[in-house]
Amino acid sequence: MQGLKRLEYRGYDSAGVALAAPGMDKIAVRKKAGRLVNLEKEIQRSPLPDATVAIGHTRWATNGEPSDVNAHPHMSADGHIALIHNGIIENANTLKFDLQAEGYTFVSGTDTEVAAKLLGKIANTIITETGHPDLFTAVRRMARMLSGAFTILAVDSRQPDIVVGARHDSPLVVGLGKGENFLGSDVAAFVAYTKDAMELGQDQAVCITNRSVTVTDFTGHEITDSHRFTVDWDASAAEKGGWPSFMDKEIHEDPAAVADTLLGRFAENGDIVLDEVRISPEVFRSIDKIIVVACGTASYAGMVAKYAIEHWVRIPVEVELAHEFRYRDPILTPRTLVVAISQSGETMDTLMALRHAREQGSRVLAICNTQGSSIPRESDAVLYTHAGPEIAVASTKAFVAQVVAAYLLGLYFAQVKGTMFRDEIHQIVKQLKAMPKKIQWVLDTQSEVVEKAAKRMLNARSFLFLGRHVGYPVAMEGALKLKEVAYTFTEGFAAGELKHGPIALVDEGEPVVVIVPSARGRNTLHNKVISGIEEVKARGAFTIVVAEEGDPDVERYADMVFWRPACPTLLSPLVDVVPLQMFAMDMATLKGYDVDKPRNLAKSVTVE
Ligand code: AGP
């Protein structure tokens with residue numbers, strides 16, 4: 001149950017457990033629709049026996065509505081086997097049809113139940129063939145019959161000392177304990193018990209007992225070189241630690257996420273060293289185009305990267321939503337670097353995009369927050385963000401960490417390609433190192449006005465978010481945050497587009513959030529955004545503005561202001577996004593919503 005609690009952020013529309021112990025005839029199962037707390041109540045009502053092995057699941061429905069009967073685990077027809085599954089089994093209907101023809105009946109609307117019934121059948125066939133149960137062989141045999149994406153775990157009451165798993169295009173990590181072993185979708189499931197972990201490769205199966213871990217491919221060949229790693233964060237990092245919500249805690253970790261992502265990335269002479277990036281400087285020098293692939297918040301971090309990297313390195317950077325990427329036949333060459341940005345490292349759309357890029361001969365570098373996850377594992381190189389575990393579904397600290405990693409990559413490129421003077425790079429690094437304090441200033445001084453704005457806007461039915469240059473992705477991100485957690489219709493767009501259509505949406509009292517760049521340096525940009533504010537104001541908009549401390553033009557036109565301390569324009573997303581994160585959280589909290597687990601969403605989107 002502790003493990004499930006830590007994984008609940010990945011899916012929370014139903015949950016269940018299955019247990020086995022010597023002497024038990026059938027598997028013991030409890031499952032319930034809704035949050036984990038419902039399952040806890042069910043177990044209190046109907047306690048479970050002691051057990052030696054167990055599997056548990058929290059679900060984000062892909063097929064079959066969230067209900068008690070559709071919750072996992074699902075059982076084999078004879079009740080000896082229980083199975084849980086992440087992903088989508090694409091040939092489930094065909095398999096089901098065949099099983100039905102043999103007399104099998106189904107109670108749920110899930111593809112998972114098809115796998116459970118199929119596994120039960122295979123397991124019994126093996127018993128007939130060999131005279132004894134062999135769940136490991138049965139799971140491998142079944143895995144070869146499935147198409148689509150899956151992580152499957154199973155237990156069998158006839159072998160109450162093993163748990164068997166298999167994965168294809170869906171994550172599974174092994175936790176190596178003392179006298180106990182674990183399997184989890186990510187390390188959060190078992191980090192309270194062990195920090196020693198092992199990656200499981202694509203199309204591999206695993207069998208754990210309390211003392212052993214055996215890994216094979218789907219045909220049964222043993223794999224002995226699985227990569228082991230030590231989880232670099234503590235179980236307490238995935239606890240609320242007194243904060244009202246994970247989102248609140250994680251927003252307040254923005255400064256640390258930036259500082260920690262910068263840590264250890266510089267030589268004594270101030271040069272950038274990206275040790276973990278296993279791409280040689282020669283290859284870096286040969287790169288003539290970068291394509292960032294990502295989804296949601298990570299894609300907005302990619303958009304910030306475009307502005308910075310193009311400016312510093314003078315090579316074209318495209319940013320592409322990962323799910324669109326491979327379907328448009330992108331131009332990829334060995335001189336293209338594809339940068340896959342992902343907090344979870346498991347987003348299926350991003351994983352598929354990077355596979356496509358590698359197939360076409362391009363190199364892929366992952367910017368990722370999760371050790372041992374699929375995206376860094378399948379990339380040529382990785383630049384880890386050190387934001388620590390992000391539990392709230394709405395991404396906050398991971399965004400600022402991704403932006404910092406992208407800056408580091410851009411500056412490293414500039415260093416290797418010689419497109420900037422060393423002094424210039426060192427100057428920006430110095431400014432970057434000053435950013436955590438500036439973010440802290442926003443957290444310390446702006447939270448009151450942000451909350452006031454949220455209270456005032458509580459009944460607003462829609463919002464427009466405007467930004468230009470790096471303020472544009474910040475506007476998109478601010479709008480996304482509000483959609484996800486406060487369920488408010490928002491539209492984020494480039495401020496220059498205003499007159500090309502969106503201004504028609506502005507009516508008396510319409511809230512418009514504007515990111516205003518500093519008047520220093522890029523004055524024209526500043527003036528143009530100010531003109532935009534005037535234009536919406538003239539049409540009755542209520543303006544909430546994010547701007548540099550003491551900007552006199554802003555004071556004139558804004559109804560409410562979230563101030564930022566002075567900082568270079570290219571680095572300003574790191575501070576500008578912070579009040580917008582708080583704003584979305586405050587709106588959702590005031591509306592009484594669960595900010596950590598917004599409806600319909602899951603933290604890792606492991607299906608396409
Ligand atoms: C962010 O608040 C969202 N929950 C979502 O857009 C997320 O950023 C996106 O699904 C990508 O996830 P990833 O970073 O784990 O790949």
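Start by selecting Glu378, which counts as buried at 18% relative accessibility; buried means under 20% relative accessible area, exposed means over 50%, and partly exposed is in between (1.4 Å probe, protein chains only). Keep in mind that this is a predicted model, in which local features need pLDDT of at least 70, side-chain atom pairs count only at pLDDT 80 or more, and totals for chains, interfaces and linings use all residues. Residues are numbered from 1 along each chain as its sequence is written, and side-chain values use heavy atoms, with hydrogens and water left out.

Glu378 sits in the loop between α12 (374–377) and β18 (381–384). Helices (H or I, at least four residues) and strands (E, at least two) are DSSP runs, numbered from the N terminus. Now show what surrounds the residue. Apart from neighbours within four places in sequence, Glu378 is in contact with Leu351, Leu354, Arg355 and Arg358, where contact means heavy atoms within 4.5 Å.

**The whole chain**

Zoom out. The chain holds 19 helices and 23 strands. Its radius of gyration is 26 Å, close to the 25 Å that the globule rule gives for 608 residues, so the chain is as compact as a globular protein of that length. The radius is taken over C-alpha atoms, and the rule is 2.2 Å times the number of residues to the power 0.38. Along the principal axes, the C-alpha trace spans about 85 × 55 × 45 Å.

Colour by burial next: buried residues make up 60% of the 608 residues. Turn on the surface, and the accessible area comes to about 23,600 Å², of which 50% belongs to carbon and sulfur atoms. These areas come from the Shrake-Rupley method with a 1.4 Å probe, and for residues only the protein chains shown count as cover.

Which contacts join residues at least 24 apart? Among contacts between residues at least 6 apart in sequence, 71% do.

Colour by charge to find 64 positive and 77 negative side chains, with the centres of the two sets 1 Å apart. Lys and Arg count as positive and Asp and Glu as negative, while His and the chain ends are not counted. Each charge is placed at NZ of Lys, CZ of Arg, CG of Asp or CD of Glu.

**Strand β6 and its partners**

Select residues 148–156, strand β6. How many of the 9 residues of this strand are buried? The count is 9 of the 9, so β6 is largely enclosed by the rest of the structure. Rotate the view to see both faces covered: Gly148, Phe150, Ile152, Ala154 and Asp156 are buried on one side, and Ala149, Thr151, Leu153 and Val155 on the other.

Add β5 (residues 81–89), which runs antiparallel to β6 and is joined to it by 9 bridges. Two strands pair if DSSP finds at least two bridges between them. Leu83 has Ala154 in β6 as its bridge partner.

Then add β7 (residues 163–168), which pairs with β6 in the antiparallel sense over 5 bridges. Ala154 appears again here, standing opposite Val164 in β7. β6 and β7 form a hairpin with 6 residues between them.

**The loop between β3 and β4**

Move to Glu65, in the loop between β3 (53–59) and β4 (74–75). Is this residue buried or exposed? Glu65 is exposed, with a relative accessible area of 56%. Leaving aside neighbours within four places in sequence, Glu65 is in contact with Arg59 and Asn70. Select Ser108 as well: its C-alpha atom is separated from that of Glu65 by 9.4 Å, although the two residues are 43 apart along the chain.

Pro73 is found in the loop between β3 and β4 too. A cis peptide bond joins His72 and Pro73, with omega at about 0 degrees.

**Two aspartates with positive phi**

Select Asp203, in the loop between β10 (196–199) and β11. Its phi is near 55 degrees, a positive value in a residue other than glycine. Asp203 is partly exposed, with a relative accessible area of 29%.

From there, follow the chain into β11 (residues 204–208), which pairs with β12 (residues 213–217) in the antiparallel sense over 5 bridges. The two strands form a hairpin with 4 residues between them. Within this pair, Cys207 stands opposite Thr214 in β12.

Finish at Asp329, in the loop between α10 (322–325) and β16 (336–342). Asp329 has a positive phi of about 55 degrees although it is not a glycine. This residue is exposed, with a relative accessible area of 62%.
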